[in-house]
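Trainee: I would like to go through the strands and the core of this model. Where do we begin?

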Amino acid sequence: MVKTFELSARQACHLHLAAQGLLTSPRRRARKADVLAAIARMHLLQIDTIHVVARSPYLVLFSRLGPYRASWLEALLAEGAIFETWAHEACFAPIDDYPLHRRHVDERNHWATRDARRMNATHREGMDRVLAQIRARGAAKSSDFERAEGDGKAGWGVWKVEKRWLEAWFVLGELMIARRENFQRVYDLTERVLARPSPALPDLVAMRRTFILRAVQALGITQARWIADYFRVGPRIKDADLEPLVEEGHLLRGRVEDWKTPAYVHASHADLAERAAGSGLRATHSALLSPFDPVVWDRERAAAMFQFDYRLECYVPEEKRRYGYYVLPILRRGQLIGRLDAKAHRAEGVFEIKALYLEPAVAPSEALTRDVADAIRACADWHGTPKVQLRRAEPRAWAKSLRGALKDAD
């Protein structure tokens, strides 16, 4: 096994994408087990409800697996193979990781935890009432409770008060998400969802150590400063913090071209790092990525690794947006080469591309045009919106050839 490594910037990107399942195209049609395997590989699948295209967790999986049944994700949740938790943000995670995340939620200084505790202190009678109803009647959605408007406190939006109580019990660990119906959460008692006694929780040192190692494993290769963000485990980690893990053989330390600080690889990826160093990792996959994909959710990391400055602008006032409301990064054979502002009009069967932008350093070519068109077409077909409408592309001279390639792909 390699003890250290030295990689070019491109080789490091390939190692990162290989660990994330985005280096090569799927070799066969996806199966249900592949959905669980993809979540286990990433350790987290972030949840977001925006659905101008497919909701983020479904798109993250599609980028890796190709066409698959979106219902498999809900099935895995209902079967107890995965569960919902607060981690990077709201996420799905493998059920075996429940003790780690339960400890994390209990101990972290997150707004959801703070608000849940505040709610429990000020609304305990109402919270006990909804908990008793679920205990007596079984799993429930917030819509199963009588309508009562919330007070719109920061962090909770304008949810009705029962929804806020359910969410508070979820954060505090009394309730879990048993399943989703039309993406709406269905809450049940934790002991019923787990279907076994709650496992012992790890101590804080063990939890942090495990999350550090798993973050490095999921990222494939990383600088110390990028590790904490993956599971949101607190302040940025320093090289000195990783020294014991290197000495124990859990992490490999090496160098990446143009990185001013050491690079780290999980020991389980030693062979992958060796292949990368020998230019044995070949990037063949092209796909549209979710704004909440692990590859781009850390803006600093994406900029350093791919020279791709990405910011999600749906929370930015319209007049201040540069690219659009819900912009999808374009991965093309190991590089982030552009982005597009898209909307899936499902009723009309139209996948609208309001604007598509290549990065300034990317020169259009026939091969690139074909790869981008194929990635767009595959995503549009999976959405059930096979008619692709390209409104605008930059550089403008490229728009005609891209439209032609999209038409040829029909």
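Mentor: With a definition: two strands count as paired if DSSP finds at least two bridges between them. Keep in mind that this is a predicted model.

Trainee: How many bridges join strand β5 to β6, and in which sense do the strands run?

Mentor: β5 covers residues 175–181, and β6 covers residues 184–189. One bridge sets Met176 opposite Asp188 in β6. The two strands run antiparallel, and the bridges joining them number six.

Trainee: Which residue takes a positive phi in the hairpin of β5 and β6?

Mentor: The hairpin has two residues between the strands. A positive phi near 55 degrees is found there at Asn182.

Trainee: Is strand β6 largely enclosed or largely open?

Mentor: Buried means under 20% relative accessible area. Five of the six residues of β6 are buried, so the strand is largely enclosed by the rest of the structure.

Trainee: Which strand pairs with β7 in the parallel sense, and which in the antiparallel sense?

Mentor: Leu7 stands opposite Val256 in β7, and this belongs to a parallel pairing over two bridges with β1, residues 6–7. Gly254 has Ala263 in β8 as its bridge partner. That pairing is antiparallel and has four bridges. The parallel partner is β1; the antiparallel partner is β8.

Trainee: Which helix gives the most to the largest nonpolar core?

Mentor: The largest nonpolar core has 145 residues, and those with the most contacts inside it include Leu61, Ile221 and Phe351. Eight residues come from the helix that gives the most, residues 204–219, which is α10.

Conventions
Residues numbered from 1 in each chain as written. Predicted model: local features only at pLDDT ≥ 70, side-chain atom pairs only at ≥ 80, totals over all residues. Heavy atoms only, no water. Buried < 20%, exposed > 50% of the residue type's maximum accessible area, 1.4 Å probe, protein only. Core = buried A, V, L, I, M, F, W, Y, C linked by side-chain atoms within 4.5 Å.
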